[in-house]
Amino acid sequence: MFVRSVEAVQAGLVTEGSAAWQCVSVHMRLLQRVGFMRAPGGTGTGGYRALVLAVTATYLLQECVYAYQERNDMSKLSQVMFLLLCHITSIVKQIVFHIDADRIDQLVESLNEPIYNSACPRARALLFQTAGSASRLQRSYAGCAALTCTLWGMFAAWRRACGRAVEFPFWTGLCTDPPTIFIVILLYSFYVTTLVGLANTTMDAFIATILYQCKTQFTILRNDFETLPERAKSLSIKTNEDYERVVMTLFVNCYHHYQKIIETATLLGHIFGVAILVQFGIGGWILCMAAYKLVSLNILSIEFASTALFILCILTELFLYCYYGNELTVESDKLVCSVYCMRWQRAPPRFRRLLVLVMERARRPLYPTAASLVPLSLETFIKILKSSYTFYAVLRQTK
């Protein structure tokens, strides 16, 4: 009875459509519309999602056939390889959203739990700031992908209008000379590349936003620990309860919050760890092949602009994982200092003993990794860039 009264006064918590959940809602809506994520309840979208997976897989197969046919022409091979590799990473993440739909739903629903949605003004400000940042990231990142695909389509249409030959970087088995066939293939290419571009960037933003939310929750938790004695004293006076009981109850709430953050970050790693590892493994090659293609283009051409935007999207994709993973590690590492900085000197002996145990546990910061192998850190991002440049230098020397 006492715990419920403390929670009511302390938090005034919200559940449905909570602030923590809102940070991923914009990503979920887009992923559901494009058929990469199932709708709430999982009903009525299975056929659509299967169709989208079949279309993206077919397009990837067409790119593979084209790459094999042009394996001796480095110029044409580079034109298809950076797209092909990018579509492989997208397919891997798309398959994860299919086979792990239940755990992804569980991950999203955990953000709606009361422990993540305190009504404390400072906490709510942080939560809404996180949601706003996630929304801006989604709009700019997906918008960049859509613009890139639009420029690709415009470049092909412009070349055809000028009477020049247009060769699509995927196998069709059709002659594109007839205008009708050209238009159909152009629209097909534009649809699939835009679909993959929007979905791939949104899946990246979705994963990165959950990492960002975990970081925000650690910031809230640190503030709760730092102000715990003062909050306990205020609540003790307000509820006319024993101070020791109040301080112990608030401590238990903070510890449960800490455990919940760890569970969310761990579940995220279990679901998407392999997909992120594939992204890191292929990301360097994607940048290498795109850069190889870029240097052969006219700097004032539409194709140059679209390829440069594509490289920007890939750099952003890799940076998001590494940056937010690094931020989560840094924020979790500060928890020990926050626990120690509270005014524990006059706290009950039992409470102080528990603080020692929490500090010992918090000495091991959270290190998000890709499949428990590659850390999500800025150091990893630098290593990927270095490896990408090494691949590029080798290609240039063997040209």
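The exercises below work through the fold, the long helix and the cysteines of one predicted model.

Residues are numbered from 1 along each chain as its sequence is written, and side-chain values use heavy atoms, with hydrogens and water left out. Because the model is predicted, local features need pLDDT of at least 70 and side-chain atom pairs count only at pLDDT 80 or more, while totals for chains, interfaces and linings use all residues.

**Exercise 1.** Determine how much of the protein chain is buried, and which residue separations account for its contacts.

Solution. Buried means under 20% relative accessible area, with exposed over 50% and partly exposed in between (1.4 Å probe, protein chains only); 52% of the 399 residues count as buried. Taking contact as heavy atoms within 4.5 Å, and keeping contacts with a separation of 6 or more, one finds that 80% come from residues 24 or more positions apart.

**Exercise 2.** Compare the span of helix H7 with its expected value, and state how far H7 is covered.

Solution. Helices are DSSP runs of H or I with at least four residues, numbered from the N terminus, and H7 covers residues 179-226, which is 48 residues. The expected span, 1.5 Å times one less than the number of residues, is 70 Å, and the distance from first to last C-alpha, 69 Å, is close to this. H7 is mostly covered, with 37 of its 48 residues buried.

**Exercise 3.** Establish how many disulfides the structure holds, and examine Cys64 and Cys254.

Solution. With a disulfide defined as a pair of cysteine sulfur atoms within 2.5 Å, the structure holds 0. For Cys64 the nearest cysteine sulfur, that of Cys86, is 13 Å away; for Cys254 it is that of Cys120, 11 Å away. Cys64 is partly exposed at 35% relative accessible area, whereas Cys254 is buried at 4%.

Technical notes. Helix = DSSP H or I, 4+ residues; strand = E, 2+ residues; numbered from the N terminus.
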